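Work through the exercises below with the sequence and the structure at hand, and try each task before you read its solution.

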Amino acid sequence: MTVTATTPVTSSTASTSSASSAAAAATQSLSYNDFLTLLMAELQNQDPTQPMDPAQMVSQLATVSEVGQAVQTNTTLASLLTASSLSQAEQLVGQTITSADGTTSGQVASVSVTSSGTVATLTNGSTVSLSNGATVQ
């Protein structure tokens, strides 16, 4: 069975380029669960007089396995990166650092690791972004 992409139906009249870009954005945002839902719907709605080719079935099941492994790998990698950032941040407490532009300097009181980067709070209350290349003395 072959599935072809369709463009979304909207109430306003949109140009062909914006409709195709919206379809591309929707395709890129499918999650692992969405993929499994689509596969199960395909299996449930296949024509009994023309069942799916076994080779296609094996290929799709292999794809499900690959996607599942990729999701697990990404989760593991994210946790390793967080642990590494926390370990590096721990070593900065008590050290003297200078911001990349040289305007802020002082001893590190605490370090925060966020999705946007690592920020050091100095004992004088100032903050220094470590993602911009601060210098540690």
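**Exercise 1.** Find which residues threonine 118 is in contact with, leaving aside its neighbours within four places in sequence, and decide whether threonine 118 is buried or exposed.

*Solution.* In this predicted model, the contacts of threonine 118 beyond those neighbours are Val111, Ser112 and Val113, together with Val128, Ser129, Leu130 and Ser131. Next, place the residue: threonine 118 lies in strand 3, which covers residues 117-122. Finally, its relative accessible area is 17%, and because buried means under 20%, threonine 118 counts as buried.

**Exercise 2.** Work out in what order the strands of the open sheet are arranged, and explain why strand 4 and strand 5 each have one side without a neighbour in the sheet.

*Solution.* The five strands follow the order 4-3-2-1-5, with antiparallel pairing. Strand 4 (127-129) and strand 5 (135-136) stand at the edges and have a single partner strand each, so one side of each remains without a neighbour in the sheet. Helix 3, residues 54-92, packs on this sheet and touches strand 2 and strand 5, and its direction makes about 160° with that of strand 2.

**Exercise 3.** Determine how many bridges join strand 2 to strand 3, and which residue in strand 3 stands opposite threonine 114.

*Solution.* Strand 2 (residues 105-114) and strand 3 run antiparallel and are joined by six bridges. Opposite threonine 114 stands glycine 117.

**Exercise 4.** Identify the residues that make up the largest nonpolar core.

*Solution.* This core consists of five residues, namely Ile97, Val108, Ala120, Leu122 and Val128. Turning to leucine 122, its contacts beyond four places in sequence include Ile97, Val108 and Val128.

Methods: Residues numbered from 1 in each chain as written. Predicted model: local features only at pLDDT ≥ 70, side-chain atom pairs only at ≥ 80, totals over all residues. Heavy atoms only, no water. Helix = DSSP H or I, 4+ residues; strand = E, 2+ residues; numbered from the N terminus. Buried < 20%, exposed > 50% of the residue type's maximum accessible area, 1.4 Å probe, protein only. Contact = heavy atoms within 4.5 Å. Core = buried A, V, L, I, M, F, W, Y, C linked by side-chain atoms within 4.5 Å. Pairing = 2+ DSSP bridges. Axes fitted to C-alpha atoms, helices over the stretch in contact; angles between N-to-C directions.
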